[in-house]
Every structure is written in structure tokens, then in C-alpha cells.
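User: I would like a close look at one part of this model, namely the contacts between its side chains. Please take me through the aromatic ones and the charged ones in a single connected answer.

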Amino acid sequence: MNWDNFFIAQAGAAAALTGLIFVAVSINLSRILAGSHLPNRALQSITLLLNILLISSLILVPGQSLIIIGIEVLLLSLTLWILTLKLTLSILRATPPEYKKQSRANFYMIQVAVLPFLASGIFILIIGEKGIYLLVPGILFSFSKAIVDAWVLLVEINR
């Protein structure tokens, strides 16, 4: 596999962005805790980034078969999907009516970020290494979602 450099870069970027989310939360902790849906939104972002970090790290373990990688990706992404779905539904319920549109957009963004990981795990098991390509959109959408959330937690919360 020639994916090592890609996954090394993704693991580093995920770790750095996770730190940014923690900084955003620590700077605006009282405001985040005052919003009924914001703590879960912060956790959602951390979960997306942790998923990238874990999958990238596991893929970099030498000597694994594609079957093992496929199982790891599938189990991690299934766990991620269940957790983010639970968090997103909780956010939708807790969001004030004037922000429901943004919460629905958050729901769709999460699905677009997570579903490629699930598909990748399945396709790695079925067709092999080419299934890894499906991780790329999942990673890119997860980073995009986490950056949007960091912006909300750092800037928008103070408007």
C-alpha cells in the first residue's frame, strides 16, 4: 500500500484540529454549557476527528491484512455513525426553534462525513485496497465539519 504518507498527514491534522476544538471549548466553556445543544456539537467534532486519528493510526500498523483493515474501519465507522446519530438527534431536540434550520444542516453534514467511512469498510472487505479511496471524502468532509464547528464554538457563539 502506498497510503502511508497520506494517513500520517491525516493523523497529524486530526490531532491538531482536535486541539483547536479543545481550545475553543475552554475559551468559551460557560457559553457552550449555557447552550443546550452546544456541548454535544463540540463532542460531535471531537468524535469525527478522533475517528480520523484512529483509522489513520490503525491503517499505519505494519503487516495487517486488508481484511483486518476493513473490519477495523467498519467497526470504528459503525460506532462513529451510531454515536453521531445519537448526538445529532439530541441536538435537534434541544435546538431552539429559530436555529432548527442550522441543526438540520448539521445533521446532513454529519451524515455526509460519516457514511463514506462505513462504505469504505464494506468495500475494503469486498473489493480490497480500492475501498480505501472512499476514506478520502469521509476524511475531507469530517475535517470540513470540524472546522465549521470550531468556527461556531470560537466565533459565532460570541455574536
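Analyst: Let's begin with the words for exposure: a residue is buried when its relative accessible area is under 20%, exposed when it is over 50%, and partly exposed in between. Please keep in mind that this is a predicted model.

With that scale in hand, let's turn to the rings. The structure contains 5 aromatic pairs. One of them joins W3 and F6, whose ring centres are 5.5 Å apart with 75 degrees between the planes, an edge-to-face arrangement. The two partners fall into separate classes on the scale: W3, at 10% relative accessibility, is buried, whereas F6 has 26% and so counts as partly exposed. Another pair is made by F107 and Y108; the centres of these rings also lie 5.5 Å apart and their planes meet at 75 degrees, so this pair is edge-to-face too. Here F107 is partly exposed, with a relative accessible area of 21%, which lies just past the 20% limit for buried. Its partner Y108 reaches 52% and is therefore exposed, since the exposed class is anything over 50%. Going back to W3 and F6, these two belong to one aromatic cluster that also takes in F7 and Y133.

Now for the charged side chains. The model has 2 salt bridges, and D149 is a good place to start. In one bridge, the side chain of D149 meets that of R41, with 2.6 Å from N to O. D149 sits in helix 6 (residues 135–154) and R41 in helix 3 (residues 38–59), so this contact ties together parts that are 108 residues apart in sequence. The other bridge pairs D149 with K145, again at 2.6 Å from N to O. This contact stays inside helix 6, where K145 and D149 are 4 residues apart, which means about one helical turn between them.

How do the three charged residues connect? R41, K145 and D149 are linked in a network of salt bridges, with D149 taking part in the contact with R41 and in the contact with K145.

And where do these residues fall on the exposure scale? D149 and R41 are both buried; for D149 the relative accessible area is 0%. K145 is likewise at 0% relative accessibility, so it counts as buried.

Terms used
Residues numbered from 1 in each chain as written. Predicted model: local features only at pLDDT ≥ 70, side-chain atom pairs only at ≥ 80, totals over all residues. Heavy atoms only, no water. Salt bridge = Lys/Arg side-chain N within 4 Å of Asp/Glu carboxyl O. Helix = DSSP H or I, 4+ residues; strand = E, 2+ residues; numbered from the N terminus. Buried < 20%, exposed > 50% of the residue type's maximum accessible area, 1.4 Å probe, protein only. Phe/Tyr/Trp six-rings, centres within 6.5 Å; stacked < 30°, edge-to-face > 60°.
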